[in-house]
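Welcome! Here is a friendly first tour for anyone meeting this structure for the first time.

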Amino acid sequence: MALLSLKDISISFGADPLLDGANLTIEPNERIGLIGRNGAGKSTLLKLIDGELQPDTGELRGQQGVITGRLIQEVPNSLDLKVQDVVALGDEQRGAILSNFYQTENDALHPELNEADAWQLDRQVKTLCSKFEIDPSSDFDALSGGMKRRVLIARALVKEPDILLLDEPTNHLDIDTIIWLENLLLGLPITLVTVSHDRSFIDKLCTRIVEIDRGQITSWPGSYRKYLSGKEKALEEEERHNAKFDKKLAQEEVWIRQGIQARRTRNEGRVRALKKMREERRRRREQQGRAQIKLNEAGKSGRIVIELKGVAHGFDGNNVIDDFSCRIQRGDKVGIIGPNGCGKSTLVKILTGELQAQTGSVRLGTNLEIAYLDQHRSAIRDDLSVQDNVSGETQITINGQSKHIMGYLQDFLFSPARARAPAAKLSGGERNRLMLAKLFTQPFNLLVLDEPTNDLDYETLELLEQILIDYQGTLLLVSHDRTFLNNVVGSTIAFEGAGKVYEYIGGYDDWLRQRDKPIVASEKDNKAEKPQIKASSQSGTAVKKLSYKFQRELDMLPSKIENLESALDELQAEMAEPSFYQQDAEAIAVAGTKLKDIQAELETAYRRWEELEG
């Protein structure tokens, strides 16, 4: 028997309803991944299930006594409470009594605690704090973003709900904590409904994908990968159906407008059918367009973009980076991973020249133009409109072409009305798209992205992926999104504790295959330093276990090298002709630059071939 059913639910806050006669059934012990475009109504649906909102029309039916717990997307900015108080208040009535006792330690409250059975809640609070490895007496406001989210998940679980609702639970969590959360949720005998942009999380956790699309709810049994295949076929079928419908409607419109002879024989049933078709066409909601993101690329940087030798940096006598060396060349796409607070942002600042390393040398290449997206989106001013955040001008220049600001913002799915609205009213996904729109107005050849995937819907996320794969410049990507790292980067810099930073070939999964066995805390001080694994490392069979993406890259390299060698031979033969130097100086200089570029690209291709073959 279903735990909860939503029948013919409609709710609207504007022109188009978020849910329009939608239906959903939630069964015991299933794990639902709730997906949809930004603004489609995912958080609204969670609020409906939780009872915070009531639908305009339709009915919610649930088993008697069904309890829901919900993790909200936003982490409170200021909450002057101890962790135990925050967790206890997940059970509103008993939690208020227990929190009062925690804060006052007044024994006179014991009768009230007994009457409310709050001691059972106290045991649950302590059990969850222990399970989640959080100190119940610590100040909530003093915790990191990731630890705060742990506390809020414990709060959602404290009243032992039948249905747990999670809204972007992996935001601000590092990869280790995300994996910990996955394993925790997989072990809970509970029904889950989770909204998440993390495809690896959804794919591992969920047994059913539920999508909100244009006011309707559709269900797709199985993993996210199965959903992708089924959704593609469904959209193709929808397109065929709409084309057939529109053709018939056009034929009927021609018929109704025929002359007097046709009107004499007009079938009134056919007229009514036409009116019904007109209404159906009027009510049809077309798919929202995809973002049209384009990068504003600058000219080429030097071949060596960044070179670090023996770099160390720390705070209060503790190194977060200890004797790290690396070389990043033009066109490299480098992922940076590690726990929250390990020093990733510090390394990025050193790599970009914003921070001077305490020891070691840092060399930045020539002609660098850097664009930086920080994880806090601090470049957005809430008091300005979307339009004014991007540019104070009505015309902007992208790749040498002038474009109206409104047209540019529409490429990032901001309607003119939304573009004029203050940034303070934007959702998390819209803020992320605004930051990308602002960032990509400036020309760059070194792109630094710190957690760019937070709150992006899947379609925009996959589009950004493809753009970064095609991007010809250099990329530094700090991310906890495992799928995004696997699909985009060619090497990974990993923080592995005690200031140790190592570089590996490939993305996240390739790092997992190559790294040593995890070291427990008690072993770290006694373990000899591991040899650093360079991108040029001959590290044996681990490197040979290539992912599909890197195997494809390896397969394509021989023909690429052959083409480069042919181009090099032709240019060298041309430059060997006596007539070559009878040209003007500018033409000779252009050819010389081209020769150096081909030689550099060929050298990079040879080195990459050696790396991938191991």
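The points below go through the sheets, one helix and the nonpolar cores.

This is a predicted model. One open sheet has six strands with mixed pairing, and another is built from three strands with antiparallel pairing. The largest nonpolar core has 95 residues, and a second, separate core has 24.

**The six-stranded sheet**

- Reading across this open sheet, the strand order is β5-β6-β7-β3-β8-β9.
- Its edges are β5 (68-71) and β9 (216-221), each of which pairs on one side only.
- From one strand to the next, the twist averages 20°.
- Strands β3 (residues 31-36) and β7 (residues 191-195) are parallel partners, paired over four bridges.
- To see this pairing up close, look for arginine 31, whose bridge partner in β7 is leucine 192.
- Helix α6 (residues 145-157) packs on the sheet and touches β5 and β6 (163-167); the direction of α6 makes about 165° with that of β5.

**The three-stranded sheet**

- Here the order is β11-β10-β13, in an open sheet with antiparallel pairing.
- The edge strands are β11 (318-329) and β13 (359-364), and each pairs on one side only.
- The twist in this sheet averages 15° from one strand to the next.
- Strand β10 (residues 304-315) runs antiparallel to β13 and is joined to it by five bridges.
- Isoleucine 306 has leucine 364 in β13 as its bridge partner.
- Helix α12 (residues 344-351) lies across β10, β11 and β13, and runs at about 135° to β10.

**Helix α16**

- This helix covers residues 428-439, which makes 12 residues.
- From first C-alpha to last, α16 reaches 17 Å, close to the 16 Å expected at 1.5 Å a residue.
- Nine of the 12 residues of α16 are buried, so the helix is largely enclosed by the rest of the structure.
- Among those buried residues are Glu430, Asn432, Arg433 and Leu434.
- The elements covering the buried residues of α16 include β14 (370-373), α13 (386-390), α14 (405-411), α15 (416-420), β17 (446-450) and α17 (458-470).

**The nonpolar cores**

- In soluble globular proteins, nonpolar side chains tend to be buried together.
- Within the 95-residue core, the residues with the most contacts are Val87, Val125, Phe132, Leu185, Tyr408, Phe440 and Leu447.
- Leaving aside residues up to four places away in sequence, leucine 185 touches Leu164, Leu166, Leu192, Phe201 and Leu205.
- The second, separate core includes Val311, Leu347, Leu476 and Phe495.

Conventions: Residues numbered from 1 in each chain as written. Predicted model: local features only at pLDDT ≥ 70, side-chain atom pairs only at ≥ 80, totals over all residues. Heavy atoms only, no water. Pairing = 2+ DSSP bridges. Helix = DSSP H or I, 4+ residues; strand = E, 2+ residues; numbered from the N terminus. Axes fitted to C-alpha atoms, helices over the stretch in contact; angles between N-to-C directions. Contact = heavy atoms within 4.5 Å. Expected span 1.5 Å × (residues − 1). Buried < 20%, exposed > 50% of the residue type's maximum accessible area, 1.4 Å probe, protein only. Core = buried A, V, L, I, M, F, W, Y, C linked by side-chain atoms within 4.5 Å.
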